[in-house]
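Student: Please take me closely through one part of this structure, beginning with a single pair of charged side chains and working outward to whatever surrounds them. I would like one connected account rather than a list.

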Amino acid sequence: MLYNKILEGHKSQDIKVFEQILHDDFLYIWDDRVEDRKQWLAETPKMWAESFQLQNQTLIMENEELLVTEHSHQEDGFRDIIVRIIKKGKIFKQYVKRCPL
């Protein structure tokens, strides 16, 4: 399922994994920041270069229409709740909400 592919992509730091699972019309939305597929694919390797790690990664739910996860950022005391809308088996929209731990 998509959750395992996301984990695989981050662990291997292989952007090609994400190229396969993002819908052509993908949008990333975090507060007032919005990125399209091309922008997100360009920005994600920069995050890996900054020693990004998914800490306390938890799968909340996954089905054919929705994928919800959370992970924490111990270094800054926050956790992210991530809701992904699935369309035709690919991630169509990804909403991120950052909350204090």
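Tutor: In this predicted model, the side chains of Glu-35 and Arg-33 meet in a salt bridge, with 2.6 Å from N to O. The two partners differ in how much of them is accessible: Glu-35 has a relative accessibility of 7% and therefore counts as buried, whereas Arg-33, with a relative accessible area of 35%, is partly exposed. The limit behind these words is that a residue is called buried under 20% and exposed over 50%, with partly exposed in between.

To place the pair, consider the sheet, which is open and has six strands in the order E2-E1-E6-E5-E4-E3, with mixed pairing. Strand E2 (33-36) and strand E3 (55-62) are its edges, and each has a single partner strand, so that one side of each is left without a neighbour in the sheet. On average, neighbouring strands of this sheet are turned by 15° against each other, direction ignored. Strands of a sheet pair through backbone hydrogen bonds, and they do this in either a parallel or an antiparallel sense. Here E1 and E2 pair in the antiparallel sense, over four bridges, and they form a hairpin with two residues between the strands, where Asp-31 takes a positive phi near 55°. On the way out of the hairpin towards the middle of the sheet order, strand E1 (residues 22-30) pairs with strand E6 (residues 90-100) in the parallel sense, over five bridges. Ile-29 shows how the three strands are linked, since its bridge partner in E2 is Val-34, while in E6 it stands opposite Tyr-95. Leu-27, for its part, stands opposite Lys-93 in E6.

Helix H3 (residues 37-49) is the next element to bring in, as it lies across E1, E2 and E6 and runs at about 100° to E2. Trp-40 leads from this helix back to the charged pair: leaving aside its neighbours within four places in sequence, Trp-40 is in contact with Phe-18, Leu-22, Phe-26, Tyr-28, Glu-35 and Gln-94. The buried acid of the salt bridge is thus one of the contacts of this tryptophan. Trp-40 also has a place in the largest nonpolar core, where, of 17 residues, Phe-18, Trp-40 and Ile-91 touch the most other members. H1, H2, E1, H3, E5 and E6 each supply at least two residues of this core.

Another contact of Trp-40 is Gln-94, a residue of strand E6 that counts as buried because its relative accessibility is 6%. Not counting residues up to four places away in sequence, Gln-94 touches Phe-26, Leu-27, Tyr-28, Ile-29, Trp-40, Ile-82, Val-83 and Arg-84.

For comparison with the opening pair, a search of the whole structure finds four salt bridges. One of them belongs to helix H3, where the side chains of Glu-43 and Lys-46 meet at 3.1 Å, N to O; being three residues apart in that helix, Glu-43 and Lys-46 are separated by about one helical turn. Both of these residues count as partly exposed, Glu-43 at 33% relative accessibility and Lys-46 with a relative accessible area of 47%. Another joins the side chains of Arg-98 and Asp-80, at 2.8 Å from N to O. Arg-98 lies in strand E6 and Asp-80 in strand E5, so this pair ties together parts that are 18 residues apart in sequence. Here again a buried acid meets a partly exposed arginine, as Asp-80 is at 6% relative accessibility and Arg-98 has a relative accessible area of 23%.

Finally, the far end of the sheet order has its own covering helix. Helix H1 (residues 2-12) lies across E3, strand E4 (66-73), strand E5 (78-87) and E6, and runs at about 160° to E3. Its buried residues are Leu-2, Tyr-3, Ile-6, Gly-9 and His-10, and these cover an arc of only 125° around the axis, which puts them on the same side of H1. Among the elements that cover them are helix H2 (15-21) and H3, so H3, the helix lying across E2, also takes part in covering this side of H1.

Conventions. Residues are numbered from 1 along each chain as its sequence is written. This is a predicted model: local features need pLDDT of at least 70, side-chain atom pairs count only at pLDDT 80 or more; totals for chains, interfaces and linings use all residues. Side-chain values use heavy atoms; hydrogens and water are left out. Two strands pair if DSSP finds at least two bridges between them. Axes are lines fitted to C-alpha atoms, for helices over the stretch in contact, and angles run from 0 to 180 degrees between N-to-C directions. Contact means heavy atoms within 4.5 Å. Buried means under 20% relative accessible area, exposed over 50%, partly exposed in between (1.4 Å probe, protein chains only). The arc is that of the directions from the helix axis to the C-beta atoms. A nonpolar core is a set of buried Ala, Val, Leu, Ile, Met, Phe, Trp, Tyr and Cys residues joined through side-chain atoms within 4.5 Å.
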